Amino acid sequence: MKRLQRSLILPVLLVAAQLAGCRLAPTFNILGSFFPSWLICLFAGIIVAVIANRLFARFALDKEILWPVVVYPCIALLFACTIWLIFFS
């Protein structure tokens with residue numbers, strides 16, 4: 001009996017893991033078109049990165065950034081992931 005129970009544990013866990021992902025994707029209805037929430041978070045992260053760029057320029061910190069082509073996308077990704085974690089997790 002114990003051997004049968006042990007042999008059923010792995011298949012049951014695999015099926016449960018597969019079914020855990022079967023829920024609706026978080027989407028927003030904007031003017032009749034559904035957009036995924038990660039896309040909204042990406043746009044919000046880009047907007048916040050632009051605001052950060054303007055703040056850096058205002059305080060003359062943008063001259064201290066060695067590789068802005070790397071730093072600003074990373075800032076956008078940081079804010080996009082933070083927005084995702086705050087609102088969708």
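Visitor: Which residues form the nonpolar patch on the surface?

Guide: In this predicted model, the patch is made of Trp 38, Leu 42, Phe 43, Ile 46, Val 50, Trp 84 and Leu 85, with about 680 Å² of accessible area together. Helices α2 and α3 each supply at least two of its residues, and α2 gives the largest share, 5 residues.

Visitor: What makes Ile 46 partly exposed?

Guide: Ile 46, found in helix α2, has a relative accessibility of 39%. Partly exposed runs between the 20% and 50% limits, so Ile 46 at 39% counts as partly exposed. A patch residue needs over 30%, and the 39% of Ile 46 meets that too.

Visitor: How many aromatic pairs does the structure hold?

Guide: There is 1 aromatic pair. Its rings belong to Phe 56 and Tyr 72, with centres 6.4 Å apart. The cut-off for a pair is 6.5 Å between centres, so these two rings qualify.

Visitor: And why is the pair called tilted?

Guide: The planes of Phe 56 and Tyr 72 stand at 40°. Stacked would need under 30 degrees and edge-to-face over 60, so a pair at 40° is tilted.

Visitor: Which parts of the chain does the pair tie together?

Guide: Phe 56 lies in helix α2 (residues 37–58) and Tyr 72 in helix α3 (residues 68–88), so the pair links parts that are 16 residues apart in sequence.

Visitor: How do you know whether Phe 56 and Tyr 72 are buried or partly exposed?

Guide: Happily, one limit settles both: buried means under 20% relative accessible area. Tyr 72, at 17%, counts as buried, whereas Phe 56, at 24%, is partly exposed.

Visitor: How many disulfides are there, and how do you know?

Guide: The structure holds 0 disulfides. Take Cys 41: the closest cysteine sulfur, in Cys 81, is 8.6 Å from its own sulfur. A disulfide requires sulfur atoms within 2.5 Å, so 8.6 Å is too far for a bond.

Visitor: Is Cys 41 buried or exposed, and what about Cys 74?

Guide: Cys 41 has 3% relative accessibility and counts as buried, while Cys 74 is partly exposed, with a relative accessible area of 47%.

Visitor: What does the whole protein chain look like?

Guide: The chain has 3 helices and 2 strands, following the pattern α-β-β-α-α along the sequence. Buried residues make up 13% of its 89 residues. The accessible surface comes to about 7,800 Å², with 73% of that belonging to carbon and sulfur atoms.

How values were computed:
Residues numbered from 1 in each chain as written. Predicted model: local features only at pLDDT ≥ 70, side-chain atom pairs only at ≥ 80, totals over all residues. Heavy atoms only, no water. Phe/Tyr/Trp six-rings, centres within 6.5 Å; stacked < 30°, edge-to-face > 60°. Helix = DSSP H or I, 4+ residues; strand = E, 2+ residues; numbered from the N terminus. Buried < 20%, exposed > 50% of the residue type's maximum accessible area, 1.4 Å probe, protein only. Areas by Shrake-Rupley, 256 points an atom, 1.4 Å probe, with all protein chains shown as cover. Patch = residues over 30% accessible without salt bridge, like charges linked within 9 Å, V, L, I, M, F, W, Y side chains within 5 Å. Salt bridge = Lys/Arg side-chain N within 4 Å of Asp/Glu carboxyl O.
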